[in-house]
Every structure is written in structure tokens, then in C-alpha cells.
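Subject: Structure handover

Hello,

Here is the structure we talked about. Please open it first, then read my notes below.

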Amino acid sequence: MQSRLSRRAALTGGMAVAAGFLTTSLAEAPAASAAPGRAVPRAADLLGFTPVPLSTADEIRVPVGYTATAFLPWGTPITGSFPQFVPGGNTAAEQEQQVGMHHDGMHYFPLERGPGGNERGLLVLNHEYTDEAYLQTGTATMPPAADWTLEMVRRSQAAHGVSVVEIHRGEGGRWAVARSRLNRRITATTPMSFAGPAAGHALLRTTADPDGIRPLGTVNNCSHGVTPWGTYLTCEENFNGYFRVEPGAYSPEQAALSSRYGVGGDRNLWATNDERFVVTPDEANEPNRFGWVVEIDPFDPGSTPVKRTALGRVKHEGAFVHVTKGGRVVVYTGDDQVNEYMYKFVSSGSWQSLRARGRSPLDEGTLYVARFDDDGSGHWLPLVHGQGPLTEANGFTDQGDVLVRTRLAASALGATRMDRPEWATVDPTTGMVYLTLTNNTSSAKVENAANPRKPNPWGHIIRWQEAGGDHAATTFEWDLFLLAGQGRSSGDGSTLADEDAFGSPDGLWADPDGRVWIQTDGTQPTGANDQMLAANPHRTDAADVPEIRRFLTGVVNCEVTGVVTTPDQRTMFVNIQHPGDGGGSTWPRLDGISTPRSATVIVTKDDGGVIGT
Ligand code: FEO
Ligand code: CA
Ligand code: CA
């Protein structure tokens, strides 16, 4: 572990040791994506705010000089007849016209070029899952399963998926929902299509869709991605828990696939009234139609969302897109489960030339899985049928089969077992890729140099530089960016200064200036609420630890997940998911409603400055 930490200077190209050089180069050569009309701050000055302390309060706290305002809570009317939110009192049809539950990944698409784009845009956000007690009753009391009706199932399905909301900044800088034709809800029942190598595969066919190309809906949408052609990628994470598996439903091969993905549990009681979520010997493929990355065109409300099978089928945490110098699209996507893997997809050619020929860059390319070797080198192993062990002789029938059974194919390749890969991000100023490993306390945890603590209750952040700075490369060099925990003096192996303590890193975003925003979901030091911090990888201390400051503390029993800014970086959107999960919260307390509701927090700097400075 020490060697992986101490080789950082070499890996970063002398970045840490030659801070003066980097400061100069950053100041003189602003990243192309940085907010127009202003100089990129010097590396030493990336973080300018006074950190906030850990908190157990049921309110959002941000640094002095910043303001946080709750916006777009679950139930906000956005389409149709704009039905008002009534805790536990809306029909399924009404929920379908309101913002869903449990906000997660999110992006802001400006609706104008230039300054107007900072005042008018589409906020697109995922709804990861539902708390059925609050959803169905408005209280923490869960109705008995025996009373579950189809209307309740439909209400739950309508609270899942994605919201597309046009928002405007108006009087006094306040943001409001526009009554726009672009506003849209995508739910667990929205018609979609399959594309890519697995579309139409026998493993995707059902009685209702004998061609295996017309799936319905998306579920458990965790994190996200954004393509250079202006679409939104939403990721199906824990899809497995929405099904009930009838005894004898599977052949031995199907049983092996189902158990690797953990299909079953009927967590939301959908199987009580919706046969699509009951797995039987005659209908065993519906679970295979989830676990994909779904592409949505937020600018065309009539468009059909597309499940892009070339990106593999796992519990996708996110789909973080980077464009290579040659114009190829690279999508980093983690599989968030104990001992599962990290993947990347590389398009076969430049995205512009593929699209010019009417092809999707997300349908044609190679999916790789990561092997992190103990010596700090790394390899991307191709998931290509017929190559290596992925052959007919080993039971892999074709490329579609490899993709539907991505996890099993990745195991056959000898990928590195990880401590639950969550978000990844590319620092636009260095090209370095960062990845959160949230935690792993399983007795089955596999210890390796890239996941060095067993147990790992606090998580860590790993990072790598692709060979030659080319994100399409098949080798890389990695190191440990930080080991989370209660702080260096605690003896838990954390590399953090005590005042920067945090656990369970999950959301992660390198902004255009190279600030790395870190969001948490899970146990925090001293039992405090979840939080968001900012790291400056360009400034490290004598112990080679990056500068970190705590920027925001969440409310009781929430997670902090999803972060983006307007292009000028002067308005930040942050999602607060499942406040009061297990009780203790009435946030956001809007319109006299005390039912806790997931919501987006708008953060601004009182002097109108860039967030983080
Ligand atoms: Fe949905 Fe892995 O967090
Ligand atoms: Ca997450
Ligand atoms: Ca998580």
C-alpha cells in the first residue's frame, strides 16, 4: 500500500513535486472546457472556501459566503396537468407527471449558447429507487404486503426512472420550473429499444417481445453520463431486486447467470400485481432486459430511449464519457457490488464520423474490463467473443451472450476484484481518471494492491493515467489517491487529515478547473451526516496527501449524490437522496410538508463567484 501511495509523483508526471510548473501551465493555458470569460484559477488557489465541520443537523450546511436552497423535491409537478404533490395521496397517473423519488445522477444541459445558457437549461436527473412507505402513505409506516394493489405498483414504477425538467433563473436569481414541452418523465414502464450486439439476442426475448428489441422501462437509475452529441446516459444498477423468481424457473445455465446477478427478492412488491416481474420457466428472460446503460435524448421528448448493449450488462453505477484526441468515445463504467469490476468501452472510430454515417458510437466498439496489477501497472482486457477464454468451447456462444453475461465473461478474463466501483471522472486538466471504491466489509472481500484494506469499511479513491495519455489505450499506470476514514491519527489506515475525515466515497466529479468533488453515501466519522468535499489534486502536503475541504453537509439519514454546475460554474446543483431513511428528517420542509423528500440543492456564492473558489 505504501509503495502504491509513494509512487504518486512519478505517475502524475512530476505534478506533485513540480507544483510550480503546474501552477504556471494551468494559469497560462485554461482548460478548453473552463467557464468562458475568466482565467482558470492557479492550482494553489483552486479551493478558496472555509471548510464546514461535520454535522448531525437536519439541514444543509455550506461554507460562509455560500447559499443552499432546496429545489425540485420528489412530487414537484412538471408535465401534463401539473398535479400538486400530496404526501401519500397522489395516483400513479399523477406521479407520472411529477418528479420521481430518490434523486441521483444528474446533468444540466444549457438551452442557449453563451451567457443565456447559464439561466435556462434542462436539468436531467435519475430516480434511483423508492421508499415504498413514504411513497404509498406519506409516512414511515409500510402498508402490509397483503394489501398491495396494481395501482400501488404503478405508482412505484412511475416514481422510478428519469426526469427531464426545463428550468429558468428569474427574479432575484431564483430558479423555477418552466411549463415546457421538453419536460418529460421516463419510468419503469416507458417503451424503449435495444441496440448494439445483444439486441434481439435469444436471452433478451420474451412472449411480449419475441424479437428481443422492445424492452419496457428502466429501474434503479444510479449515476449517469453525457455524450458529446448532447444525450444523457442513465445507468441501471440494482435491477436484480425487482423480481420474484418462481421455483424451477431456471435451467442450470440460467441459474448460474441469475445467481451471479442476484436476481430475486421482489423488494418493491411489483411481482404481487405485475407478471412482468415474476420469473417463471416460460418467462425467464425479463431480468436480462435490465442492467444496461440507457441513452436518452433530452431535447426530443418524443424520442425512444435506447439500451446500448455494447456497454455490457452489469449493475452499472454510471457511464462517464471522455473523448480521445482522435475523437473516439470512451465510457468508464463501474459495477457496484462487492468484488465486482471496473469497465471501459471504446468506440471503434471517431464519434463524429460514426454519426455522420448514421451509426451510434455507443453500438460499435470494444468493451474492456480492468486488471490492476500489484506493481502499479494496469491492463484493459477485451470482452470480445472468440478472443482468449470467451469461446464457444467455454460456453460463450456469441458477442451478445458475452454482453448479457458480462460479469461471467469478465471473471473468465481474470479481472481485478474491487471494493464496489462507484463513480469515475476524468480531470480535464491532467487526463487522470479517478474512481471511488465505496467500501467492502464482506467476508468474501479479496485483498489486492488496488483494494488494500480488509475489511474496508471507509472506502478509497484510486486513479490512473492511460498509457500515452490516450484514453483508448489498453494499459495504464495507477496509484491510490486517498484512503478514506476517520483521519490519519485514528489508526484506521486513512490518509486524510483528521479535519477532512469522511467515509464511503460515491459521487465524484472533476469540474472544468480540476476540482475533484467527492460525495458520500454511508457511514461517516462520528456518526455524522453524509457530505460533499472538494479535493485539489494539484496541491499536496508533505505527506503527499491532496488538499481537501468539506463543502457541504447533508441532512439526517440522506446520501449526497449527483453534482453539476451551469457552464459558468456559478450555480451548482447537488442531489440529496433519501433524507430520513430510517427516520429523523423532515427535510426539505417546503410548502408546509414534513414528509422527507429527495430534492436538488442549488448552491450559489453570495458574491456571484465560481463555486469552490
Ligand atoms: Fe447507486 Fe452504487 O450507488
Ligand atoms: Ca451511488
Ligand atoms: Ca452507494
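Which residues coordinate the calcium ion (ligand 2), and at what distances? Please keep in mind that this is a predicted model. The answer is Glu317 (OE), Glu422 (OE) and two OD contacts from Asp506, at 2.3 to 2.9 Å. Along the chain, the donor residues follow the pattern E-x104-E-x83-D. Glu317 sits in the loop between strand E13 (306-308) and strand E14 (320-323), while Glu422 belongs to strand E19 (residues 421-426), so the pair ties together parts that are 105 residues apart in sequence.

How exposed are these donors? Glu317 is buried, at a relative accessible area of 0%. Glu422 also counts as buried, at 2% relative accessibility. For Asp506 the relative accessibility is 2%, and this residue is buried too.

Now the second site. The calcium ion (ligand 3) has Glu422 (OE), Asp506 (OD) and Asp521 (OD) as its protein donors, 2.3 to 2.6 Å away. Their spacing reads E-x83-D-x14-D. Asp506 lies in strand E23 (residues 505-510), and Asp521 in the loop between strand E24 (516-520) and strand E25 (531-540). These two are 15 residues apart, and the pair links distant parts of the chain. Asp521 is partly exposed, with a relative accessible area of 24%.

How far apart are the calcium ion (ligand 2) and the calcium ion (ligand 3), and which residue coordinates both? The separation is 3.6 Å, and the shared residue is Glu422. Asp506 also appears in both donor lists, for ligand 2 and for ligand 3.

Next, a sheet. Four strands form an open sheet in the order E1-E29-E28-E27, and the pairing is antiparallel. Which strands stand at the edges? They are strand E1 (66-71) and strand E27 (559-565). Each has a single partner strand, so one side of each is left without a neighbour in the sheet. On average, neighbouring strands here are turned by 25° against each other, direction ignored. Inside the sheet, strand E28 (residues 571-577) and strand E29 (residues 599-605) pair over six bridges, in the antiparallel sense. One contact to look up: Ile576 has Ala599 of E29 as its bridge partner.

Last, the internal space. How many cavities of 30 Å³ or more does the structure hold? There are two.

- The largest cavity holds about 60 Å³ of space. Its lining includes Met101, His102, Asp131 and Tyr134. Also in this lining are His578, Pro579, Gly580 and Asp581, together with Pro596, Arg597 and Ser598. By class, the lining has four nonpolar, four polar and three charged residues.
- The second largest cavity has a volume of about 50 Å³. Among the residues lining it are Trp74, Phe85 and Val86, as well as Gly88, Gly89, Asn90 and Thr91. Gln95, Gln98, Leu135 and Arg155 line this cavity too. Here the classes divide into four nonpolar, six polar and one charged.

To recap the metal sites: Glu422 coordinates both calcium ions, which are 3.6 Å apart. Of the donors, Glu317 is buried, whereas Asp521 is partly exposed.

Best wishes

How values were computed. Residues are numbered from 1 along each chain as its sequence is written. Chains are lettered from A and ligands numbered from 1 in the order in which they are written. This is a predicted model: local features need pLDDT of at least 70, side-chain atom pairs count only at pLDDT 80 or more; totals for chains, interfaces and linings use all residues. Side-chain values use heavy atoms; hydrogens and water are left out. Donors are N, O and S atoms within 2.8 Å of the metal (3.2 Å for Na, K and Ca); water is not among the atoms, so sites may look incomplete. Buried means under 20% relative accessible area, exposed over 50%, partly exposed in between (1.4 Å probe, protein chains only). Two strands pair if DSSP finds at least two bridges between them. Axes are lines fitted to C-alpha atoms, for helices over the stretch in contact, and angles run from 0 to 180 degrees between N-to-C directions. On a 1 Å grid over the protein atoms alone, a cavity is a set of points where a 1.4 Å probe fits but cannot get out, and a pocket is an open set with protein on both sides within 12 Å along at least five of seven lines; lining residues have an atom within 4 Å of a point. Grid points are joined across faces, edges and corners, and a volume is the space filled by probe spheres set on the points. Ala, Val, Leu, Ile, Met, Phe, Trp, Tyr, Cys and Pro count as nonpolar, Asp, Glu, Lys and Arg as charged, and the others, Gly among them, as polar.
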